[in-house]
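Let's take a friendly walk through a protein model together. Have a look at the sequence and the structure first, and then read on.

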Amino acid sequence: MRLVILGGSGSGKSTQAQRLCRYFDIPLISTGEILREAISGGKSLPNFQWSPTDSRTYVSVYNSLNELGHHARPYVEKGELVPDEMIIELIGIRLRQPDINCAWVLEGYPRTAFQAEELDFLLDNLGQKLDWAIYLQVPEAVMVSRSLGRSLPDDQPEIVQRRIELFYDRTIPILEYYDRRRRLLTINGDQSPEMVQQNILTLLSVP
């Protein structure tokens, strides 16, 4: 099962991604977590598994993530989208890690139609194919109130509003992209987490 979770800030993407990973017992790939780790200096890199005999790979990926974090920091601090090429490189690194065994939930990516196309190209190269893109549809007022209630460092009112503006400007074309390919599932995200998960599993035809 290979899934992408889409939605605006505060739509419940992280919650549902974590729930689906537990349900299917597959890895979660969260660009937000990997970006925060890269920006903080990549000291622990909890999302990655390393072979102790392959120190060269460790150093190479460690350096790539640190460099990515350095360049991505200004965008994240302003609530802007990190440039496509940085995120695409990050996702490529993650999907090649040994714990990703052709099944995963991807949260926080893609955020532009270009990224969605690039993800398909990347998966083709890896011999994989996306099963479904799940869109959590939530009213703007709910996105704002949920985001401001999380008390995360980058959840300041002006940054939250900017992220929502970017969502409507750049994410809606992603929905059209996946809808044309008949891989889009739209879920009412303005419900309890339990109900949202059950609706997702129902549309995935999971008993």
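A residue is called exposed when its relative accessible area is over 50%, and buried when that area is under 20%. Keep these two cut-offs in mind, since several residues below are sorted by them.

## The whole protein

The model you see is predicted. Its mean pLDDT is 83, and 86% of the residues reach 70 or more. Over residues 50-56, however, the pLDDT is below 50, and this stretch has 5 contacts in the model beyond near neighbours in sequence. Where pLDDT is low, the predicted coordinates should not be read in detail.

How many helices and strands does the protein have? There are 8 helices and 5 strands. Following the sequence from start to end, you meet them in the order β-α-β-α-α-α-β-α-β-α-α-β-α.

Of the 207 residues in the protein, 48% are buried. The accessible surface comes to about 10600 Å², and carbon and sulfur atoms hold 50% of that surface. Now think about contacts between residues with a separation of 6 or more: 74% of them join residues that are 24 or more positions apart.

## Far apart in sequence

Three pairs of residues let you compare separation along the sequence with distance in space.

| Pair | Separation in sequence | C-alpha to C-alpha distance |
|---|---|---|
| Cys21 and Ala103 | 82 residues | 9.6 Å |
| Glu158 and Gly79 | 79 residues | 8.6 Å |
| Glu107 and Glu33 | 74 residues | 9.6 Å |

Let's visit one residue from each pair. Cys21 sits in helix H1, which covers residues 13-24. Is Cys21 buried or exposed? Cys21 has a relative accessible area of 7%, so it is buried. Leaving out residues up to four places away in sequence, Cys21 touches Ile26, Pro27, Leu28 and Val105.

Glu107 belongs to strand S3. Glu107 counts as buried because its relative accessibility is 7%. Which residues does Glu107 touch, not counting those up to four places away in sequence? The answer is Ile5, Lys13, Ser14, Ala17, Leu28, Ile29, Ser30 and Thr31. You may recognise Leu28, which also touches Cys21.

Glu158 is part of helix H7. With a relative accessible area of 55%, Glu158 is exposed.

## Two helices that meet

Two packed helices are described by the angle between their axes and the distance between the axes. Helix H2 (residues 31-39) packs with helix H4 (residues 84-95) at an angle of about 100°, and their axes are 11 Å apart. Angles from 65 to 115 degrees count as roughly perpendicular, and therefore H2 and H4 are roughly perpendicular to each other.

Which residues make this meeting place? From H2 come Thr31, Ile34 and Leu35, while H4 brings Ile87, Leu90, Ile91 and Arg94. Sorted by character, the residues of this contact are 5 nonpolar, 1 polar and 1 charged. Thr31 has appeared before, as one of the residues that Glu107 touches.

## Details in the loops

The loops hold a few backbone details that are worth finding on your screen. What is the form of the peptide bond from Tyr109 to Pro110? That bond is cis, with omega near 0°. Pro110 lies in the loop between strand S3 (104-107) and helix H5 (113-126).

Asp25 is not a glycine, yet it has a positive phi of about 55°. You can find Asp25 in the loop between H1 and strand S2 (28-30). The relative accessible area of Asp25 is 69%, so this residue is exposed.

Arg182, another residue other than glycine, has a positive phi near 55°. Where is Arg182 found? Look in the loop between helix H7 (157-180) and strand S5 (184-188). Why does Arg182 count as exposed? Its relative accessibility is 75%, and the cut-off for exposed is over 50%.

Methods:
Residues are numbered from 1 along each chain as its sequence is written. This is a predicted model: local features need pLDDT of at least 70, side-chain atom pairs count only at pLDDT 80 or more; totals for chains, interfaces and linings use all residues. Side-chain values use heavy atoms; hydrogens and water are left out. Helices (H or I, at least four residues) and strands (E, at least two) are DSSP runs, numbered from the N terminus. Buried means under 20% relative accessible area, exposed over 50%, partly exposed in between (1.4 Å probe, protein chains only). Contact means heavy atoms within 4.5 Å. Accessible areas come from the Shrake-Rupley method with a 1.4 Å probe; for residues, only the protein chains shown count as cover. Axes are lines fitted to C-alpha atoms, for helices over the stretch in contact, and angles run from 0 to 180 degrees between N-to-C directions. Angles under 35 degrees count as roughly parallel, over 145 as roughly antiparallel, 65 to 115 as roughly perpendicular and the rest as oblique. Ala, Val, Leu, Ile, Met, Phe, Trp, Tyr, Cys and Pro count as nonpolar, Asp, Glu, Lys and Arg as charged, and the others, Gly among them, as polar. pLDDT is the predictor's confidence in each residue, from 0 to 100.
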